Amino acid sequence: MNQSGLTARVIPILHALAACGLALWMAAVVLWPWLAGSVISDALATRIESLLGSVFCHRMPSRSLSWHGGQLLVCSRCTGVIAGYLLGAVLAVCGAERLFFWRIPWALLLIGLMGLSWLAGWLGYLDAAWHAERVIAGACGGLGGYIFIARCVILLINWMQVERRSEFVLDKQP
């Protein structure tokens with residue numbers, strides 16, 4: 001996608017901010033058992049779990065990874081989704097928008113793979129404790145979701161710039 005001047009300046013900044021925020025979120029997910037067990041009070045830990053974990057994820061122990069003696073903040077698939085978002089942001093910062101797979105059809109395919117994984121698990125074809133498949137499927141869905149959102153934001157910014165130029169041209173006419 002050909003980007004205008006403003007889009008070419010704004011989008012890398014947005015990707016970098018997303019990468020930083022997602023890195024913090026991923027660190028919170030992975031370090032949660034240690035943080036909840038030693039650094040954070042029980043009352044605060046319960047609030048954080050309900051805000052960051054339960055709102056976005058079912059947090060079923062049988063479908064969650066554990067580390068450092070405790071359950072991660074989100075389930076295996078949601079951990080993969082966050083990792084996929086982070087991967088997408090890092091790839092975007094590195095210039096992956098120029099690559100062939102950084103298109104909406106590829107994003108929908110990756111999201112569809114995660115959907116197939118969810119459907120197979122729901123129908124009972126996958127073992128609930130098979131975390132590797134859930135993390136990989138979640139990462140595919142997260143990467144696809146990041147690509148989809150990034151492409152839609154670029155389209156929106158470009159559309160807004162075209163609308164703004166057309167208003168400017170209309171204002172100049174007598």
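Just after helix H3, Gly95 takes a positive phi of about 95°. I start at that glycine in order to introduce the helix before it, and I should say at once that this is a predicted model.

Helix H3 covers residues 76-93. How does the span of H3 compare with what 18 residues should give at 1.5 Å a residue? The expected value is 26 Å, and the end C-alpha atoms of H3 are 26 Å apart, so the two agree. The buried residues of this helix begin with Ser76, Arg77, Thr79, Gly80, Val81 and Ile82. Further along H3, the buried set continues with Gly84, Leu86, Gly88, Ala89 and Ala92.

Let me take one of these, Leu86, which is buried and sits in H3. Setting aside neighbours within four places in sequence, Leu86 is in contact with Ala19, Leu22, Ala23 and Met26. Leu86 can also be placed relative to His15: the two are 71 residues apart in sequence, yet their C-alpha atoms are 9.9 Å apart in space.

Those partners bring us to helix H1, which runs over residues 5-39. Within H1, I would draw attention to Ile11. Is Ile11 buried or exposed? Its relative accessible area is 2%, and Ile11 is therefore buried. Apart from residues up to four places away in sequence, Ile11 touches Glu97, Val153, Ile154 and Ile157. For Ile157 the separation along the chain is 146 residues, while the C-alpha atoms of the pair are separated by 9.2 Å.

With these pairs in mind, I turn to the chain as a whole. The protein chain has five helices and two strands, and in sequence order they follow the pattern α-α-β-β-α-α-α. Among contacts between residues at least 6 apart in sequence, 72% join residues at least 24 apart. Of the 174 residues in the chain, 34% are buried. The exposed area of the chain is about 10400 Å², and carbon and sulfur atoms supply 72% of that area.

Next, the largest pocket. Its space comes to about 330 Å³. Which residues lie nearest the centre of this pocket? They are Cys57, His58, Cys75, Arg77 and Cys78, out of a lining of 18 residues. By character, the lining divides into eleven nonpolar, four polar and three charged residues. Helix H3 and helix H4, the latter covering 104-122, each supply at least two residues of the lining. H3 gives the most, with six residues.

Helix H4 deserves a closer look, and I have chosen two of its residues. The first is Ser117, placed in H4. At 5% relative accessibility, Ser117 counts as buried, because the limit for that class is under 20%. Beyond its neighbours within four places in sequence, Ser117 is in contact with Arg77, Leu126, Glu133 and Ala137. Arg77 has thus appeared here in three settings: among the buried residues of H3, among the residues nearest the pocket centre, and as a contact of Ser117.

The second is Leu109, which also lies in H4. Why is Leu109 classed as partly exposed? Its relative accessibility is 47%, which falls between the 20% and 50% limits. Leu109 and Gly141 are 32 residues apart in sequence, with a C-alpha to C-alpha distance of 8.7 Å.

To close, I return to H3. This helix gives six residues to the lining of the largest pocket, and through Leu86 it is in contact with Ala19, Leu22, Ala23 and Met26. Just after H3 comes Gly95 with its positive phi, the point at which I began.

Definitions and conventions: Residues numbered from 1 in each chain as written. Predicted model: local features only at pLDDT ≥ 70, side-chain atom pairs only at ≥ 80, totals over all residues. Heavy atoms only, no water. 1 Å grid on protein atoms, 1.4 Å probe; cavity = no way out; pocket = protein on both sides within 12 Å on 5 of 7 lines; lining within 4 Å. Points joined across faces, edges and corners; volume = space filled by probe spheres on them. Helix = DSSP H or I, 4+ residues; strand = E, 2+ residues; numbered from the N terminus. Nonpolar A, V, L, I, M, F, W, Y, C, P; charged D, E, K, R; others polar. Contact = heavy atoms within 4.5 Å. Expected span 1.5 Å × (residues − 1). Buried < 20%, exposed > 50% of the residue type's maximum accessible area, 1.4 Å probe, protein only. Areas by Shrake-Rupley, 256 points an atom, 1.4 Å probe, with all protein chains shown as cover.
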